[in-house]
Structures are given as C-alpha cells and as structure tokens.
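Please examine the sequence and the model below. The explanation that follows considers aromatic side chains and then an internal cavity.

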Amino acid sequence: MSDFPKFVEFREEGPREGFQIEKKIYPIEDRIELIDMLSETGLKRIQVGSFVSPKYVPQMADTGELFQRIKRKPGVNYTSLWLNDKGFRKALTAHEVDIDPRLLFYPSESFAQANNNCSSLEMREKQREWVRLYKEEGYTVDAAYVMTAFGCNFEGPMPQERILDDFRFILQLCEEEQIPVPILVVADTMGWGNPEAVKRMIGALRELAPDARIGMHIHDTRGLGIANVYAALSMGVDMFESSVAGLGGCPFAGHGHARAAGNVCTEDAVFLCHELGIETGIDLDKLIAAAVKAEDIIDAPLMGRVMHTGGLDKYRKAS
C-alpha cells in the first residue's frame, strides 16, 4: 500500500553536482545564467557550488565569485557544499551563503578515503566536532547523510545493517548533544539502489526513527533513478536532492564513464510527482527551460527526458 506525500521538496544540486564532474571549466557567466533561471522555477533551495580544494576540484574554484554575482530571489536559499572545517569557514565568510549545516557518513572505507581523505571511522568522529562547530556559529544541523547506502563501486554491496548503524550513531549523537534530529538522508551515491532495496531501507529507517523526516539523494547512474524516486515516494519520502537535466555526479566514485554518473533529473522527478497528484511548488515549463540551457552550456546531450519532450499539460488542453 502506498503512502504518497501531499507535497515534495526538491533541493537542486545541478550547479554544483553538475559541473564538478566535467573536465572542462565552463564560463562563469553561463553558470550564473543557469542559476538565475533556476531561481525563477519555484525551487526553494539551490546548491550554487562547493568550497573544496581547487587542487582536486578546480571546477569549483570560483564558487565565491558565483555567490557574489547571482541574482537572489526572495524565498530561495542559495547553499554550498563543504567536506571539512576549512570549507565550512570559507562558506561562512563568502558573500551571502545560506548555510545548511550537514553531517556526512561513509559506510565505505574506500569512498571515505577517495572523497574525504580519511577513514570512515575518523569521518564519523569528526561529526561530533562539526555539531559543536555549528552550535558555536549559531546553526542547527539540517541534514545527515549516509553515503553509498546501497553499494559502492570499490567495495561492492553495502549491508543494510551497516547503513543503519550510521543512522543509529546520528540519533545517539543528537541525543548526546541535545539537538533536534535532522533530515535523515539515504544517499545512493554510486547508483546501486533498486526500488525494492529503497523500500526495505526506508522501512527499516522508519522503524529506527519513526518521527524523523527522511530524504533521498539518488543517482541515476544505471537508469533506475526515477523508479527509485517512485519507490521512495510510495514510502512517504518528501525530500529529494536532484540535478536539472540530470547533470553531474561524483568525480571520486570510480565510474567508467562520467556521463553515466549523474544525479536523478529534477524535471523528470517533478513531472512524476505532478502526474501522481503530488504538489511541488515548481513551474515545470520554467524548469524545462533551465534544463535546455544546461544542455546548451555542456554542448552535449544530457540525461533528462522531459526536457526533450515537454510535459503533458499542453496536450491535455488541446484534446
């Protein structure tokens, strides 16, 4: 039996997730235009870029300038990603960054080393320091992510119990630090999930934390992204991170082909919600226009489907 939410929040990651994996560094003017177009779609949270090492991710070296030059729309949060204390400090001092404090957990030892240059246990313990750092700066943790939640290209399938162990740690940490439980985000970082695995994971997480809000970060690496979104929706999940036009992916995930590594496509997932009668607050036509712009910038076919066909409203009106 399905338990669809009435409203779903989409957090757009295309401007960061999309361009970080590209070998080419695209003109900042094009990326500003894309962000400004996304601002007009009804999206309430857009991840502009990341404050990470320019040595390893040179595509994000101008994130500070991006924040200075975008046109801010009231009611829209413009956020960034960081992977360590130094990145967080940069975000604090950059121009009008909307801070969304997060915690990051790596069940995969190999991915922890590749993405964060530390062990999974070290990263877990660092989260205690992050909580306190956020407190010192007057912030409450917004979301806690457990990555490679279904499998890892370096280590293979991830046992569900290993993932739940990290979520248990999160709940315990919140109790110890006397902070509200954040959004618990199941992150299929390398595209190993399938609909039944998603249902099992969400069901187990709901048993563990019945009152927590659950979100998903889904990659469409192997073509199951929308199917996994549907499965999560049927379990009541009401927050998804996605990328316009299916842009992007993780540059440290070990995929054979970068074009196959992208986050689930925002406009396709929004279209699915609308077809199911679920509200999103997003103008699909404006979102499609932004997706077309993203494809123009990349100058190569992107993974989105609805961007190439349009929605169904115009056909319904014509009939």
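Which residues form one aromatic cluster? In this predicted model, the cluster consists of Trp-82, Phe-88, Trp-130 and Tyr-134.

Aromatic rings are taken to pair if their centres lie within 6.5 Å, and by this rule the count comes to 10 aromatic pairs. One of the pairs involves two members of the cluster: the ring centres of Phe-88 and Tyr-134 are 5.1 Å apart and their planes meet at 80°, so the arrangement is edge-to-face; the cut-off for that class is an angle over 60 degrees. Because Phe-88 belongs to helix α4 (residues 85–93) and Tyr-134 to helix α6 (residues 120–136), the pair ties together parts that are 46 residues apart in sequence. Phe-88 and Tyr-134 are both buried.

The second topic is the cavity. The structure holds one cavity of 30 Å³ or more, and the volume of the largest cavity is about 50 Å³. Its lining is made up of Arg-11, Glu-12, Glu-13, Arg-45, Ile-46, Gln-47, Thr-79, Asp-100, Arg-102 and Glu-241. Strands β1 (9–12) and β2 (45–51) each supply at least two residues of this lining. The largest share, three residues, comes from β2.

What is the make-up of the lining of the largest cavity by class? Seven residues are charged, two are polar and one is nonpolar. The charged residues include Arg-11, Glu-12 and Asp-100, while Gln-47 and Thr-79 are polar and Ile-46 is nonpolar.

Technical notes:
Residues numbered from 1 in each chain as written. Predicted model: local features only at pLDDT ≥ 70, side-chain atom pairs only at ≥ 80, totals over all residues. Heavy atoms only, no water. Phe/Tyr/Trp six-rings, centres within 6.5 Å; stacked < 30°, edge-to-face > 60°. Helix = DSSP H or I, 4+ residues; strand = E, 2+ residues; numbered from the N terminus. Buried < 20%, exposed > 50% of the residue type's maximum accessible area, 1.4 Å probe, protein only. 1 Å grid on protein atoms, 1.4 Å probe; cavity = no way out; pocket = protein on both sides within 12 Å on 5 of 7 lines; lining within 4 Å. Points joined across faces, edges and corners; volume = space filled by probe spheres on them.
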